[in-house]
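This briefing is for a reader with the sequence and the model at hand. It goes by topic, from the interface to the aromatic pairs.

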Amino acid sequence: MGGALSHDADVMEVTAEAKRIMVVALGKLYSSRTQRGGLRLHRSLLLTMVMKSARDMYHAAQETEWAAAEEQQPPTEEPTGAQIELQEGKPLTSPGNEVENSPTMLRRDADNKENMSPPRPTQHSRKRRGKAAVEPDFLPCKKAKLEQKNVPQQLILSTVLLCEYMNCSSEVGAPPAPMPVQRAIAAC
Amino acid sequence: MGEDTDATPTLNHRGFLPDHNYVTEADIISTVEFNHTGELLATGDKGGRVVIFQREPESKTEPFSQGEYNVYSTFQSHEPEFDYLKSLEIEEKINKIRWLPQQNAAHFLLSTNDKTIKLWKVSERDKRPEGYNLKDEEGRIKDLSTVTSLQVPVLMPMDLMVEVSPRRVFANAHTYHVNSISVNSDYQTYMSADDLRINLWHLDITDRSFNIVDIKPANMEDLTEVITAAEFHPHHCNLFVYSSSKGTLRLCDMREAALCDKHSKLFEEPEDPSARSFFSEIISSVSDVKFSHSGRYLLTRDYLTAKVWDLNMESKPLETYQVHDYLRSKLCSLYENDCIFDKFECAWNGSDSVIMTGAYNNFFRMFDRNTKRDVTLEASRESSKPRAVLKPRRVCAAGGKRRKDDISVDSLDFTKKILHTAWHPNENIIAIAATNNLYIFQDKLNSEMH
């Protein structure tokens, strides 16, 4: 269907741009650690905010994509807990309406998502984590996720992100241990 | 980088090798400030040096050399330091210079790097005592048998010597990087602001400062904004303003409480939802805030605009000026090449009728608040022959109608940025810092403010 295809193209564009912005932000954050004069709090904060909004946009775009894919297929299995989670969120418009409104729609979903759905494994959790086992939240989590068929996509994305930012920081020597987003600015 | 020679810098030549495009990083000017009379102009650079220029008095014999600025003094204000506890190098770059109002023959200025503020005394010596009894002219002790009579040493004129000495060092009060200093109108206190805190100092006391603003959250993970600039009100010694990375301004009254975390007024413009993008937060961050000379208005600069606020109206700015809106569609590339993080300063003219700020390609902009006219000028060697009139420039959108001498957005040189500008307090004289060069432009026809 034409509507679904162009919707997919838009979503792909947004996700590609969001991903690029995230990767660039990570590269800049890491290279700023070796900058003369120490970590600049203002710059790190702005980079972290850009990264978060890009990531929120990316996840929201992914959700609409999965929801759109969902709608096109009859459900073949019992809805998992995570699927119910998705449906509890703000109702998503059908693919036909997505095309013009996708940026604002995605943003609205992103904003509302935090309020409505419980924290997801790959999302930024507001809960303060213990100092010990802090896992970067863009790496795949071991908890139950959405439908099986979407899991490989997430894994691929996370691995790509990991590889790309590692490459970014390779000029500055041995890449430091990955840090979760919210820790990036707490380090100073 | 970092190593210095003792070459005396001149007005147009500060480490810039004419035959090459190489610029010594230490020579990059990082702050420019006129003193209260406009007689002196101080610049600070990345290498921690301060250069002071003095305006030559107007002379009737040479009418064209009146009012030119020449080097008065050069000194090393800050040196690179190392914080052993945090394993951090502290840059010697001078972030801000502020002059104290002159109260005697000497001049005083405050200069700061990321961590330490220093008070410098600049004084002239043009006489020296001669005719000592026990020493000869070269200072050697005289043979007492040759001394037959007593004389009283007399002060004799000598070549002018400018002496600079550090009078106070205000250190160890800032965990984060100092971005602003501002002298209070009481001429006894001043404040220094870093990313999260503002401290109040007495000019005579270095071992103590009072923290008057602290926006550090209990948990750093909850940090959402930082302080970007701060300034005291020009007349009311109890009022000051500070700007944030979220685009807000807070006016605080020190009479209300010892810790001014609660603002008296909050100036914030609601965000335009249709203009939202990935970079909205970055471009709304205020990079500079300046009170008008009257104290009635505030001038702020964010990445794309300059805004004038009325102290009596918190809901939105009085005036918004587009500095280089043609960059709005290029934010992603400006983000990738780091230009989006550039911090431009802004300035008022003496009568608060014109505002000025810098841009890229060595362009700077002036906006007349009354006539609503604006002009784009360029600070470059080619366009700045002595006595030449600056030609207005125009930037046109890529592919748009192009007049002769227009420059297209895609041809702009983003490495040539004018971040620091200053306006003489009374006259139409402006100082523009273009990387490592300082340009001083005078409006001879309209010397008086109107």
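What follows covers the contacts between the chains, the salt bridges, one buried asparagine and the aromatic rings.

The model is predicted. Chain B and chain A bury about 3100 Å² between them. Over all chains, the structure holds 37 salt bridges and 17 aromatic pairs.

**Interface of chain B and chain A**

- On the chain B side, 33 residues are in contact with 30 residues of chain A.
- Of the roughly 3100 Å² buried between the two chains, 61% is on carbon and sulfur atoms.
- Glu221(B), Phe278(B) and Tyr335(B) lose the most area to chain A within chain B. Together they account for 26% of what that side buries.
- The interface has 7 salt bridges across it. One of the salt bridges in the structure joins Asp114(B) to Arg40(A), at 2.8 Å from N to O.
- Polar contacts between chain B and chain A come to 15 residue pairs, both residues being at pLDDT 80 or more.
- Three elements of chain B each supply at least two residues of the side that touches chain A: strand S6 (88-90), H1 and helix H2 (331-336).
- H2(B) gives the largest share of that side, with 3 residues.
- By residue class, the side of chain B that touches chain A divides into 15 nonpolar, 12 charged and 6 polar residues.

**Salt bridges**

- Glu269(B) and Lys307(B) meet through their side chains in a salt bridge, 2.9 Å from N to O. Glu269(B) lies in the loop between strand S18 (265-267) and helix H1 (280-284) of chain B, and Lys307(B) in strand S21 (residues 305-310) of chain B, so the pair ties together parts that are 38 residues apart in sequence.
- The two partners differ in accessibility class: Glu269(B) is partly exposed at 33% relative accessibility, whereas Lys307(B) is buried at 14%.
- Arg365(B) pairs with Asp374(B) in a salt bridge of 2.7 Å, N to O. Arg365(B) is buried, with a relative accessible area of 11%. Asp374(B) is partly exposed at 43%.
- Arg394(B) forms a salt bridge with Asp406(B), with 3.0 Å between the closest N and O atoms. Arg394(B) sits in the loop between strand S26 (374-378) and strand S27 (395-396) of chain B, and Asp406(B) in the loop between S27 and strand S28 (407-408) of chain B, so the pair ties together parts that are 12 residues apart in sequence.
- Arg394(B) is partly exposed, at 34% relative accessible area. Asp406(B) counts as buried, at 7%.
- Lys28(A), Arg43(A) and Asp338(B) belong to one network, joined by salt bridges that share partners.

**Asn133(B)**

- Asn133(B) is placed in the loop between strand S9 (117-130) and strand S10 (154-170) of chain B.
- Asn133(B) has a relative accessible area of 19% and is buried, because the class takes values under 20%.
- The Asn133(B) side chain reaches the backbone oxygen of Gln151(B) at 2.9 Å.
- Neighbours within four places in sequence aside, Asn133(B) is in contact with Lys142(B), Val147(B), Ser149(B), Leu150(B) and Gln151(B).

**Aromatic rings**

- A search of the whole structure gives 17 aromatic pairs over all chains. Phe278(B) and Phe279(B) have ring centres 6.3 Å apart and planes at 65°, so the pair is edge-to-face.
- Both rings belong to buried residues: Phe278(B) has a relative accessible area of 9%, and Phe279(B) one of 4%.
- Phe364(B) and Phe441(B) have ring centres 5.8 Å apart and planes at 20°, so the pair is stacked.
- This stacked pair links distant parts of the chain. Phe364(B) is in strand S25 (residues 363-368) of chain B and Phe441(B) in strand S31 (residues 437-442) of chain B, 77 residues apart.
- Phe364(B) is buried at 0% relative accessibility. Phe441(B) is buried at 14%.
- One aromatic cluster is formed by Tyr303(B), Phe344(B), Tyr360(B) and Phe414(B).

Terms used:
Residues numbered from 1 in each chain as written. Chains lettered and ligands numbered in written order. Predicted model: local features only at pLDDT ≥ 70, side-chain atom pairs only at ≥ 80, totals over all residues. Heavy atoms only, no water. Salt bridge = Lys/Arg side-chain N within 4 Å of Asp/Glu carboxyl O. Helix = DSSP H or I, 4+ residues; strand = E, 2+ residues; numbered from the N terminus. Buried < 20%, exposed > 50% of the residue type's maximum accessible area, 1.4 Å probe, protein only. Contact = heavy atoms within 4.5 Å. Buried area = accessible area lost by both parts, 1.4 Å probe. Polar contact = N/O pair within 3.5 Å; in protein donor to acceptor, adjacent residues only side chain to side chain. Nonpolar A, V, L, I, M, F, W, Y, C, P; charged D, E, K, R; others polar. Phe/Tyr/Trp six-rings, centres within 6.5 Å; stacked < 30°, edge-to-face > 60°.
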